[in-house]
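User: I am new to this structure and would be grateful for a close look at a single part of it. Please explain where that part sits and what surrounds it, and then set it in the context of the chain.

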Amino acid sequence: MSKPNGQTIFLWACILGGAALLGGLVLMYENQGVAGNPSTARRWTLEQIPFDGARAYEYLRQICDLGPRPSASPGMLAQQEMLVEHFQKLGGKVNLQQFRIRHPRDGSEVRMANLMVRWHPERKERILLCAHYDTRPFPDRDPINPRGTFLGANDGASGVALLMELARQMPQLRGKLGVDFVLFDGEEFVFNDDTDIYFLGSEYFAREYAAGRLDSRYRFGIVLDMIADADLQLFEERNSVAWRETRPLVKDIWSVAARLALREFIPQPKHEVRDDHLPLRNTGKIPTIAIIDFDYPFWHTEADTADKCSALSLAKVGWVMHEWLKKSVK
Ligand SMILES: [Zn+2]
C-alpha cells in the first residue's frame, strides 16, 4: 500500500508550522494509554483471548520462511500451494482467479492469481474479508539496502496468517450471510513508485465483480493489512471513515473492540492509506474499509521481519473480526 502525496505535504506543513498544540495533545493522549477511555481498556494476555494468536503467529512465521513472495516468484508459488491445501483441509471452497499483466520493467507477461476461499457457498449475500499475499519486490524505503531482501512479515504475511487461523471458525459460523476470503496478488508489484501501478489483483477482482462475473453479492468488504505489529495501534483509516457508505462499518468494528476492552483500536482517524479497499469500493462498488496499522517503523524495509510482529496483536485483531462476524452474518 502507499500514502497519497498530499498527506506527506500536509504532515510537513504541520511540522514546519510548528503545530505545538497538536503535538502536545497527541502526547497527552498517548500518555493516557491511547484507548481514549483508559479505565475500560484491559491488558489481555494471550491465554485469555479466545482466538489462537500463537497459532496465527506460527502461520506468519511459516509464510516468512518461504522467503520473499512477489507476484509469480517461487516464494509466491510455494505460498499458493500451502494456502490452497490449508483452506481446503478446513472445508473452504478454494479457487485461483488467474489473470496476466505486463511486467512494468520489461513488458514480459506475468501470471498472477487472487486466491478465493468461499465458506457456505450456498448463501447468496456475503461478506468479503481480504488481505494481499504478495510482497513488494524490494525494501525501497530501507535506509541501508533499498535493493535488498523484503520479507513482508507485517506487510503481507500478517493478514494472510490471521485469515488462516480465522478459517478454523468458519465452518461453524451460523447465520444468513456467507463469507469469502480473498487474498489479492499484485497489491504492490511496484519497482518504481512514480510509474508502476498498485492494486492489480483487487482491481481485476473488482472489475469481474462489477461485470457480474462472480457468483457473490457482497454487503461489506474488509481489508486487513499490517495488523501484527508488536506495538499495535489501529486508528481509523481516513478514506474508510470519509465514505458515507463505509463509515458505519468502521464505527461498528471499533465499537466491538471497545466492548472487548481492546485499547489498540483507537476510535479516531489518523492516516489516509491507499490500499485494496480503493478499487473494491470505487470500481467494484463494494462498501469496503481497511484495517491497517500505519505506525510501523519497518514499513518497506528489510527489518519487516517476524520478530517485529506478535501473537498477541494477531489474537486481538482476530478476536475482533470473529466477534464482529458472529453478529454480522445473522
Ligand atoms: Zn506495502
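Analyst:
**A close look at one residue**

Asp 229 is placed in the loop that runs between strand S5 (217–225) and strand S6 (234–236). Helices (H or I, at least four residues) and strands (E, at least two) are DSSP runs, numbered from the N terminus. The model is a predicted one, in which local features need pLDDT of at least 70 and side-chain atom pairs count only at pLDDT 80 or more, while totals for chains, interfaces and linings use all residues. Residue numbers start from 1 along each chain as its sequence is written.

Is Asp 229 buried or exposed? Asp 229 is buried, because 25 other C-beta atoms lie within 10 Å. By definition, a buried residue has 20 or more other C-beta atoms within 10 Å of its own, an exposed one has 12 or fewer, and a partly exposed one falls in between, with C-beta atoms placed from the backbone.

Leaving aside neighbours within four places in sequence, Asp 229 is in contact with Asn 154, Asp 293, Tyr 296, Lys 308, Cys 309 and Ser 313; contact requires C-beta atoms, placed from the backbone, to lie within 7 Å. Leu 314 is 85 residues from Asp 229 along the chain, yet their C-alpha atoms are separated by 8.5 Å.

A second loop residue, Glu 264, can be described in a similar way. Glu 264 lies between helix H8 (247–259) and strand S7 (265–269). With 22 other C-beta atoms within 10 Å, Glu 264 is buried. Residues up to four places away in sequence aside, Glu 264 touches Leu 232, Gln 233, Leu 234 and Lys 316. The C-alpha atoms of Glu 264 and Leu 232 are separated by 5.9 Å, although these residues are 32 apart along the chain.

The wider chain gives the context. Its secondary structure comes to 10 helices and eight strands, and 47% of its 330 residues are buried. Of the contacts with a separation of 6 or more, 80% join residues 24 or more positions apart.

Helix H4 offers a further example. Its buried residues are Gly 75, Met 76, Gln 79, Leu 83 and Phe 87. They cover an arc of only 85 degrees around the axis, which puts them on the same side of H4; the arc is that of the directions from the helix axis to the C-beta atoms. These buried residues pack against helix H3 (53–65), strand S1 (93–102), strand S2 (109–119) and strand S4 (178–184). On the other side of H4, the exposed residues are Pro 74, Glu 81, Glu 85, Gln 88 and Lys 89.

Methods. Two residues are in contact if their C-beta atoms, placed from the backbone, lie within 7 Å.
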